[in-house]
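Hello,

Here is the structure I promised to pass along. Please have a look at it first, and then read on for what turned up.

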Amino acid sequence: MSVQDDLTAVQRCLDDLARSVGRLEQQLGTGGLEMRRVRTDADHLRESVALLRESAASPGAQRRPELVSIPDTPYDDSLWIDTDDEGLGARDRRAP
């Protein structure tokens with residue numbers, strides 16, 4: 001199966017879920033906290049699948065992060081003037 005086929009199958013399942021949640025709301029009412037949570041969770045799933053469908057439709061939009069090369073040459077020693085060695089303290093002072 002292709003990704004689009006899988007997304008379509010998930011969308012059908014979510015449509016079934018939405019219909020079932022609607023029937024439950026008619027039977028139990030919409031005022032309870034549990035029913036509101038189920039409705040909200042179902043809506044979030046629909047939104048998430050819609051975002052997933054958009055990202056799957058345009059695979060070129062997913063850019064890989066740009067690699068930064070780090071040279072093998074040593075750093076300039078002037079970068080480390082007036083710095084502390086981690087765990088050892090300043091260079092001109094003794095550790096306690």
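The protein chain holds two helices and two strands. Following the sequence, they come in the pattern α-α-β-β. Please keep in mind that this is a predicted model. Of the chain's 96 residues, 8% count as buried. Among contacts with a separation of 6 or more, 51% are between residues 24 or more positions apart.

Let me start with the two helices one by one. Helix 1 covers residues 3-28. Its 26 residues should span 38 Å at 1.5 Å a residue, and the end C-alpha atoms lie 37 Å apart, so the two values agree. After helix 1 comes G29, which has a positive phi, near 90 degrees. Helix 2 takes up residues 33-57. With 25 residues, helix 2 reaches 36 Å from its first C-alpha to its last, close to the 36 Å expected at 1.5 Å a residue.

Now to how they sit together. The axes of helix 1 and helix 2 come within 10 Å of each other and cross at roughly 165 degrees. Because the angle is over 145 degrees, helix 1 is roughly antiparallel to helix 2. The crossing of helix 1 past helix 2 is left-handed. Sorted by class, the residues in this contact are 17 nonpolar, four polar and five charged.

Which residues of helix 1 are buried? They are L7, L14, V21 and E25, and the buried residues of helix 1 pack against helix 2. On the other side, helix 2 has M35, A42 and V49 as its buried residues. Helix 1 is included in what covers the buried residues of helix 2.

Two of the helix 1 residues are worth a click in your viewer.

V21 sits in helix 1 and has a relative accessible area of 3%, so it counts as buried. Leaving out residues up to four places away in sequence, V21 touches M35, V38 and R39. V21 can also be paired with A42: these two are 21 residues apart in sequence, while their C-alpha atoms are 8.2 Å apart in space.

E25 is also found in helix 1. Is this glutamate buried or exposed? Its relative accessible area is 17%, and the cut-off for buried is under 20%, so E25 is buried. Apart from neighbours within four places in sequence, E25 is in contact with T30, M35 and R39. M35 and R39 are therefore among the contacts of E25 and also among those of V21, and M35 is itself one of the buried residues of helix 2.

For a contrast, try L52, which lies in helix 2. L52 has a relative accessible area of 47%, so it is partly exposed. From L52 to L7 it is 45 residues in sequence, yet 8.3 Å in space, C-alpha to C-alpha. L7, for its part, is one of the buried residues of helix 1.

If you want one view to begin with, I would pick the pair of helices, with their roughly 165 degrees between axes and their left-handed crossing. From there you can colour V21 and E25, both buried, and then M35, A42 and V49 across in helix 2.

Happy browsing, and best wishes

Notes. Residues numbered from 1 in each chain as written. Predicted model: local features only at pLDDT ≥ 70, side-chain atom pairs only at ≥ 80, totals over all residues. Heavy atoms only, no water. Helix = DSSP H or I, 4+ residues; strand = E, 2+ residues; numbered from the N terminus. Buried < 20%, exposed > 50% of the residue type's maximum accessible area, 1.4 Å probe, protein only. Contact = heavy atoms within 4.5 Å. Axes fitted to C-alpha atoms, helices over the stretch in contact; angles between N-to-C directions. Parallel < 35°, antiparallel > 145°, perpendicular 65-115°, else oblique. Left-handed = near helix turned anticlockwise from the far one by under 90°. Nonpolar A, V, L, I, M, F, W, Y, C, P; charged D, E, K, R; others polar. Expected span 1.5 Å × (residues − 1).
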